[in-house]
Amino acid sequence: MLTDSTYSKEIQRVNALKSYSILDTQPEKDFDDIAELASQICQVPISAITLMDKDRQWFKSKVGFETNEILREEAFCNHLMNTEATKIEVQNMHKDNNFNTNPYVAGEPKIAFYAGVLLIDPDGYTLGSLCVYDLEPKKLTDFQLNALEKLANQVIQLLELRKKNAQLEENNASLMSKYNELEQFARVVSHDIKSPLNNIISLTNLFQEEYGNQIDEAGNEYLEYISKSSLELKNFVDAILIYYKSDTINTSEKEKIDWKVLFSKTISILDPKNEYEITYPSFESVELYSNKMAMEQIVSNLLSNSIKYNDKEKIKIQIELEETSSEIRLAIKDNGIGIAKEDCEKVFSFFTTLGKKDRFDNVGTGIGLSTVQKMVHKLDGRIELESDIGEGSTFTLYFKK
């Protein structure tokens, strides 16, 4: 009869086994290879990786027989588990009083030899065993017994790896679910915010046009504050949308980047009146296959920052592109307000701003450069920043060829 202490330990042992989620699973090559190797090394026709459930012994892998499980009380390993030993070798089971009446010894297939090594997890719980059997009496060599122990250790390593992989998959699935919920939330909220914001901006502008001359200077200032604040919030919402949309870009879809088209298109959008001095050399000889949409968004964001955060009378931006043996180097230099050395890392953090207004008297959202960095990383690249207050900034991007 089991004592309360023994019963509690057995419950813990079974729970430890079930934590591996391996009972009644399909055959797996890694386990089958170990069972086959045990049979070959020990030169026996039958081998198995067994797992001891509450009332049954289940065979994860087996060589030389078809049975998937047997009653626990009939399992040879059940006897081993009830001893203090971690391994056993019974050279002639027909002469051993512990086994000669077992139905698989006294009856078919009349097993005559058995050797087994317990499978013990890192917490000390016995999960099952690695066993070899023969229909004739036999004695293993020291080499064979040692090999059987090492193979049993490999089974435990496989079980642990399998368990960790399952936990990682579960964690990843949970994180992905939460991420999708967050992304959907951001989209819905952004859309629900944008509609009333656009209405506020339009109505404010309309009110100023229709009734601006009928209210005093203070009233017009308040309207300006409303309009400006609404535009800032709209820019913030747009930046959030761009940030999350960047996740939907399939960066595995690549094509040859036409640098001339990319830069001329981006510059024409950002500088339609040709007010700024933006220079770039010929790029025909530099070949890069990447995602065109992501690259356009990266360049557009960096050029836009170079324009906005610039206090010079004449904005100057220089684009450089060169090819090394392993990388493509793209640099965008400006003569803007610059960034303090201690803040160069901060500007890439999500929602982090330095509190500075741009040339249009707006404060940044703290999302743009975070989006750029995320997309650069998705393109298997890296981004670096060098800057000096009052002299300008240089953003350098590196992409693998």
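**Strand E1, salt bridges and a charged patch**

Student: In this predicted model, how many residues of strand E1 are buried?

Tutor: Strand E1 spans residues 46–52 and is mostly covered. Ile46, Ala48, Thr50 and Met52 point one way, Ser47, Ile49 and Leu51 the other way, and all are buried. The count of buried residues in E1 is 7 of 7.

Student: Which residue in E6 is the bridge partner of Ile49?

Tutor: E1 and strand E6 (residues 126–134) run antiparallel, joined by 6 bridges. Ile49 points the other way from Ile46, Ala48, Thr50 and Met52. Its bridge partner in E6 is Leu130.

Student: Which residue in E2 is the bridge partner of Ala48?

Tutor: A hairpin of 3 residues joins E1 to E2. The two strands pair in the antiparallel sense over 6 bridges, with E2 covering residues 56–63. In E2, Ala48 has as its bridge partner Lys62.

Student: Arg329 and Glu322 meet in a salt bridge. Is Arg329 buried or exposed?

Tutor: The N to O distance of this salt bridge is 3.5 Å. Glu322 has 38% relative accessibility, so Glu322 counts as partly exposed. Arg329 has a relative accessible area of 18%, and under 20% means buried. Arg329 is therefore buried.

Student: What relative accessibility does Asp343 have?

Tutor: Asp343 forms a salt bridge with Lys346, with the closest N and O atoms 3.3 Å apart. Lys346 is partly exposed at 42%. Asp343 counts as buried, its relative accessibility being 16%.

Student: How many residues apart in sequence are the parts that Lys400 and Asp380 tie together?

Tutor: Lys400 and Asp380 form a salt bridge, the closest N and O atoms being 3.8 Å apart. Lys400 lies in strand E13 (residues 392–400), while Asp380 lies in the loop between helix H9 (368–378) and strand E12 (381–388). The pair therefore ties together parts whose separation in sequence is 20 residues.

Student: Is Lys400 exposed or buried?

Tutor: Its partner Asp380 is partly exposed, at 47% relative accessible area. Lys400 has 53% relative accessibility, and the cut-off for exposed is over 50%. Lys400 therefore counts as exposed.

Student: Which residues do salt bridges with shared partners join into one network?

Tutor: The model has 21 salt bridges. Shared partners link some residues into one network. Its members are Asp24, Asp53, Arg56 and Glu69.

Student: Which helix holds Glu221?

Tutor: Glu221 helps form a negative surface patch with Asp216, Glu217 and Glu224. At 37% relative accessibility, Glu221 is partly exposed. Glu221 lies within residues 217–245, which make up helix H6.

Terms used
Residues are numbered from 1 along each chain as its sequence is written. This is a predicted model: local features need pLDDT of at least 70, side-chain atom pairs count only at pLDDT 80 or more; totals for chains, interfaces and linings use all residues. Side-chain values use heavy atoms; hydrogens and water are left out. Patches are made of residues with over 30% relative accessible area and no salt bridge: like charges are joined within 9 Å, nonpolar side chains (Val, Leu, Ile, Met, Phe, Trp, Tyr) within 5 Å. Accessible areas come from the Shrake-Rupley method with a 1.4 Å probe; for residues, only the protein chains shown count as cover. A salt bridge is a side-chain nitrogen of Lys or Arg within 4 Å of a carboxyl oxygen of Asp or Glu. Lys and Arg count as positive and Asp and Glu as negative; His and the chain ends are not counted. The place of a charge is taken as NZ of Lys, CZ of Arg, CG of Asp or CD of Glu. Helices (H or I, at least four residues) and strands (E, at least two) are DSSP runs, numbered from the N terminus. Buried means under 20% relative accessible area, exposed over 50%, partly exposed in between (1.4 Å probe, protein chains only). Two strands pair if DSSP finds at least two bridges between them.
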